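Please open the model in your viewer and keep the selection tool at hand. The stops below go from one selection to the next, with a short account of what is found at each.

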Amino acid sequence: MYIVGGSASRRLASELGRSMEAVISEVDVTRFPDDECYVRIDADLEGEDVLIAQTAWPDPNIVELMLLQDAVREMNPSSVTVVVPYFGYARQDKKFKDGEPISARALARLIQTQSDRFITVDVHAASVISWFDRIPAQNVSAHPQIGRFLGDRGVELVLSPDEGRWENAKRVAEVVGCQADFLIKERHDGESVTMTPKSLDASGKTVAIVDDIISTGGTIVKASEQLRKQGAASIIAVCTHGVFAKNAIERLKNVCDEVHSTDTIETPVTTITVAPEIAKAIGSG
Ligand code: R5P
């Protein structure tokens, strides 16, 4: 297999190369003076199985993905698998008002026109997968890798910031070999909000808060402040997708002992690779 890594997923592409013993193709990505994107793949991919890895966020990376897909198709490969580790727009998976697009569906439709198989990681809305109606599509979980990483850090309790993502916290905790719980948010008056584990006690413990996306960091900052007050000994914030808007990492580091994200988005705190999970999915395909 040949791996074509877009500029948003170079690190993941090289991890995939290692995990799958695949050849990494040289890819040149530059910008024209008017900021349009230029890509060139320096490899002969005719008759080869090709995997393109590129996170579809922010918007310029989506255009780059389209160009890479086109360039690969031009070479008549045997098959094209597109791996979009972070699927942008997945939070816009429905029409909230008349006149709006279903943005996540629009992106899915675009990607599937030039690929034979699609893989993403911890997609925010499961419905995204169903919009790939012409090719096999799969959502892969980063939780085994997050669990392995946290297992080496003495984590005693894994928390989800809300009940909706508790299953994820449970999957991580299972790998760590500890308990999981979710936080209950209660607003007492206009000013005061508390976030407390539903049934377990965080005091004196090394706690990991696991979320699929950290964007502004507001959710985790609030949760961490509360867990500190409740006596947590150490707090580790972990997410699959580190969007980290503005100064989110700095804000998080003020309240958490550690902050980590996976390589679905390359960030200054990327410490976990999802490559082994993608490699497993490809192997099982
Ligand atoms: C929400 O549904 C997601 O799972 C995250 O909790 C959310 O996107 C985090 O956003 P922020 O970092 O801005 O609080």
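Before the first selection, one definition helps: helices (H or I, at least four residues) and strands (E, at least two) are DSSP runs, and they are numbered from the N terminus. Please also keep in mind throughout that this is a predicted model.

**The largest pocket**

Begin by selecting β12 (206–214) together with α7 (218–229), since each of these elements supplies at least two residues of the lining of the largest pocket. The space in this pocket comes to about 190 Å³. If you then select Asp211, Ile213, Ile214, Ser215 and Thr219, you have the residues closest to the centre of the pocket, out of the 15 that line it.

Which element gives the most to the lining of the largest pocket? Colouring β12 on its own shows the answer, for this strand contributes 4 residues, the most of any element. When the lining residues are coloured by character, they fall into 4 nonpolar, 6 polar and 5 charged.

**Salt bridges**

The tour now turns to charged side chains, and the general idea is that those of opposite charge can pair when their charged atoms come close. In this model the count comes to 9 salt bridges, and three of them are visited here, beginning with Arg153 and Glu258.

Select Arg153 and Glu258, and you will find a salt bridge in which the closest N and O atoms are 2.7 Å apart. Arg153 lies in the loop between α5 (143–151) and β9 (157–160), while Glu258 belongs to strand β14 (residues 258–262), so the pair ties together parts that are 105 residues apart in sequence. Arg153 counts as partly exposed, at 34% relative accessibility, and Glu258 is also partly exposed, at 24%.

Next, select Asp93 and Lys94, which form a salt bridge with their closest N and O atoms 3.7 Å apart. Is Asp93 buried or exposed? Its relative accessible area is 15%, so Asp93 is buried, given that buried means under 20%. Lys94, by contrast, is partly exposed, with a relative accessible area of 44%.

For the last stop, select Arg40 and Asp42, whose side chains meet in a salt bridge with an N to O distance of 3.9 Å. Here Arg40 is partly exposed, with a relative accessible area of 43%, and Asp42 likewise counts as partly exposed, at 49% relative accessibility.

How values were computed. Residues are numbered from 1 along each chain as its sequence is written. This is a predicted model: local features need pLDDT of at least 70, side-chain atom pairs count only at pLDDT 80 or more; totals for chains, interfaces and linings use all residues. Side-chain values use heavy atoms; hydrogens and water are left out. A salt bridge is a side-chain nitrogen of Lys or Arg within 4 Å of a carboxyl oxygen of Asp or Glu. Buried means under 20% relative accessible area, exposed over 50%, partly exposed in between (1.4 Å probe, protein chains only). On a 1 Å grid over the protein atoms alone, a cavity is a set of points where a 1.4 Å probe fits but cannot get out, and a pocket is an open set with protein on both sides within 12 Å along at least five of seven lines; lining residues have an atom within 4 Å of a point. Grid points are joined across faces, edges and corners, and a volume is the space filled by probe spheres set on the points. Ala, Val, Leu, Ile, Met, Phe, Trp, Tyr, Cys and Pro count as nonpolar, Asp, Glu, Lys and Arg as charged, and the others, Gly among them, as polar.
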